[in-house]
Amino acid sequence: MAQRRLTDFFARRRPGVSTTLPRAKPAWRTPSPAKSAACAAAPGPGSSRKRARPPAEPTRDERVPPARKRLRLPADAVSGPSSLPAPVSPEHPSPQSKETKKAARSAGGRPCLAAQENKVPSKVTLSELKSCLQRAQELGARVQELKASAQKDAGEPSTPEDEGRLEGPCGEQMPAYQRFHALAQPGPPGLVLPYKYQVLAEMFRSMDTIVGMLYNRSETITFAKVKQGVQDMMRKRFEERNVGQIKTVYPGSYHFRQERFVPTFKDGIKRSDYQLTIEPLLDQQAGSAAPQLTASRLLQRRQVFSQNLVARVREHHRAFLASLNPPMEVPEDQLTRWHPRFNVDGVPDIEPAELPQPPAVEKLTTAQEVLARARSLMSPRMEKALSDLAQRTAEPSSPRSPSLAQPATPPAAPPSALKGVSQALLERIRAKEAQKQLAQMTRRPEQEQRLQRLERLPELARVLRGVFVSERKPALTMEVACARMVGSYRAAMSPGEMEKHLQLLSELLPDWLSLHRIRTDTYVKLDKAADLAGVMEQLARLARAEETL
């Protein structure tokens, strides 16, 4: 708000001061909704952000107010903090004095016209907002249609490629660390268990530990005690369903019963309630004391449980091999790893076995049961009404429509890329591939290690010849040759492992590389005149022949 200054009084007293009002400057800014008031409340010429101009000097006909009255602030400005005027802005003009308002009225109503002209852009903006809102609604409806069509597509039968995707119990896809758990295992590939089977094995280990502690102390083992201990050890949920899975895998591990009057020392469980009790099954010799669940017994039971899990995966693997084209059959005692295309983590869950349930207490749930129980306590009229109700509720439901027989899946058609290829050639290729995979599944760990060394020999032969050329000696000791080769080979390898590679190389190619034992040292002698390319080709051929065995 503009405040008058003391110098304005003396400026008005000077003669020759023009009494005309300055021309009102039109406001080109968009007015606020508060500007739709009467023209009398239109902003005056001093409504800009600059300091307000002093009002014009009154004419000689008007009486000049005293200086004290002119310097006094208006009443609404000093009434209190709540009545402070809003900051000066084009949207909220500051209140003017009475003289300024009169001068604004005498200016021909120009501010009012400017305000009316400024209302047009607000209407245009409102129409634009309405059009944008309508466009947003159309886009939202389009998104909903796309989502509905995507859901319909998801409801269609999945393709064979989508069958390998694993889903959780709620229909959601399982995380990657569970779907590809078998591929991330360290060490050489072997009979790796699925992730969910390994979790179940860890649950059995924790459960057996808790049961062993309570059993050795001659306590009554209840499921509530075991559940709390297992969850504290594993930081995972442990429920009766997991106990049923353990019973399915290892039926002879525990004996389950439903008992009452078991001391629990808990407020939530009454002594009269039935509780699931667990008792480990141990081999007891005749005439001996009660056996204890010692550490050796725990280890033995854990091994039996793991072997049962592997046997279950073997069954699914055998069914997978039988479904191949051509079908394969591998002896169980020779199987050392799973088929490369066998999805280990895609094995179905173990069905939980049925656990003892508390005996059902007789409860009257239907009108017929109430009628049979209280027939002698009711009047004939009430008995007839209950009989009619029992007949209506006992009517059989409409027979279900017989399920449609699913058509048999037609044989898989050959892909378009193999169109025109003879079927005999395809059968020979499939048979050769099946033979290779069979050899890979029945390979022993020693054979796998020898095959890995054979694959490294061609490059090691090139490195060894470079070492002899740089040393310029006909023979080198085994220690020096291994040290030079370890420093030149691309992968990290110990000198002892490098020595085994050199021994295998001399065994396969005795004419090119020979080992000589002299006193306490072993010397390596190389034929530099031999063709290195021929040597490497011969080593690669030997590695391929070994791989097919």
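Helices and strands are DSSP runs, a helix having at least four residues and a strand at least two, numbered from the N terminus. By that rule, the secondary structure of this protein comes to 17 helices and five strands. The model is a predicted one. Buried residues make up 26% of its 549 residues.

**Exercise 1. Helix 8**

Task: Compare the expected span of helix 8 (residues 223-234) with the distance between its end C-alpha atoms, and find which of its residues are buried.

Solution.

Step 1. Helix 8 has 12 residues, and at 1.5 Å a residue it should span 16 Å. The expected span is 1.5 Å times one less than the number of residues. The end C-alpha atoms of helix 8 are 16 Å apart, so expectation and model agree.

Step 2. A residue counts as buried under 20% relative accessible area. In helix 8 the buried residues are Phe223, Val226, Gly229, Val230 and Met234. Viewed down the axis, these residues fall within an arc of 135°, so they line one face of helix 8.

Step 3. The elements that cover the buried residues of helix 8 include helix 7, helix 9 and strand 2.

**Exercise 2. Two loop residues with positive phi**

Task: Locate Ser218 and Arg235, and decide for each whether the residue is buried or exposed.

Solution.

Step 1. Ser218 lies in the loop between helix 7 and helix 8. Arg235 follows helix 8 and belongs to the loop between helix 8 and helix 9.

Step 2. Most residues other than glycine have a negative phi. Ser218 is not a glycine, yet its phi is positive, about 60°. Arg235, also not a glycine, has a positive phi of about 60°.

Step 3. Exposed means over 50% relative accessible area. Ser218 has a relative accessibility of 69%, so Ser218 counts as exposed. For Arg235 the value is 71%, so Arg235 counts as exposed.

**Exercise 3. Helix 7 against helix 9**

Task: At roughly what angle do the axes of helix 7 and helix 9 cross, and which residues make the contact?

Solution.

Step 1. The axes of helix 7 (residues 195-216) and helix 9 (residues 240-249) come within 10 Å and cross at roughly 95°.

Step 2. Angles of 65 to 115 degrees count as roughly perpendicular. Helix 7 and helix 9 are therefore roughly perpendicular to each other.

Step 3. On helix 7 the contact is made by Leu200, Met203, Phe204 and Met207, and on helix 9 by Asn242, Val243, Gln245, Ile246 and Val249.

**Exercise 4. Helix 17 and its partners**

Task: Find which residues of helix 17 are buried, and describe how helix 17 is placed relative to helix 14.

Solution.

Step 1. Helix 17 (residues 532-548) has 17 residues, which should span 24 Å at 1.5 Å a residue; its end C-alpha atoms are 25 Å apart, which agrees.

Step 2. Leu532, Val535, Leu539 and Ala543 of helix 17 are buried. Their arc around the axis is only 75°, which puts them on the same side of helix 17. Ala533 and Thr548, on the other side of helix 17, are exposed.

Step 3. The buried residues of helix 17 pack against helix 14 (445-471) and helix 16 (495-508).

Step 4. The axes of helix 14 and helix 17 come within 9 Å and cross at roughly 175°. Angles over 145 degrees count as roughly antiparallel, and helix 14 and helix 17 are therefore roughly antiparallel. Among the residues making this contact are Leu451, Leu454 and Ala461 of helix 14, and Leu532, Leu539 and Ala543 of helix 17.

Step 5. At the start of helix 17, a side-chain oxygen of Asp531 comes to within 3.4 Å of the backbone nitrogen of Ala533.

**Exercise 5. The loop between helix 10 and helix 11**

Task: Is His339 buried or exposed, and where is the cis peptide bond that involves Pro326?

Solution.

Step 1. His339 is found in the loop between helix 10 and helix 11 (367-373). With a relative accessible area of 2%, His339 is buried.

Step 2. Leaving aside neighbours within four places in sequence, the contacts of His339 include His317, Phe320, Leu324 and Gln437. A polar atom of the His339 side chain lies 3.0 Å from the backbone nitrogen of Arg341.

Step 3. Pro326 is also found in the loop between helix 10 and helix 11. Most peptide bonds are trans. The bond joining Asn325 and Pro326 is cis, with omega about 0°.

Definitions and conventions: Residues numbered from 1 in each chain as written. Predicted model: local features only at pLDDT ≥ 70, side-chain atom pairs only at ≥ 80, totals over all residues. Heavy atoms only, no water. Buried < 20%, exposed > 50% of the residue type's maximum accessible area, 1.4 Å probe, protein only. Arc of directions from axis to C-beta. Contact = heavy atoms within 4.5 Å. Polar contact = N/O pair within 3.5 Å; in protein donor to acceptor, adjacent residues only side chain to side chain. Axes fitted to C-alpha atoms, helices over the stretch in contact; angles between N-to-C directions. Parallel < 35°, antiparallel > 145°, perpendicular 65-115°, else oblique.
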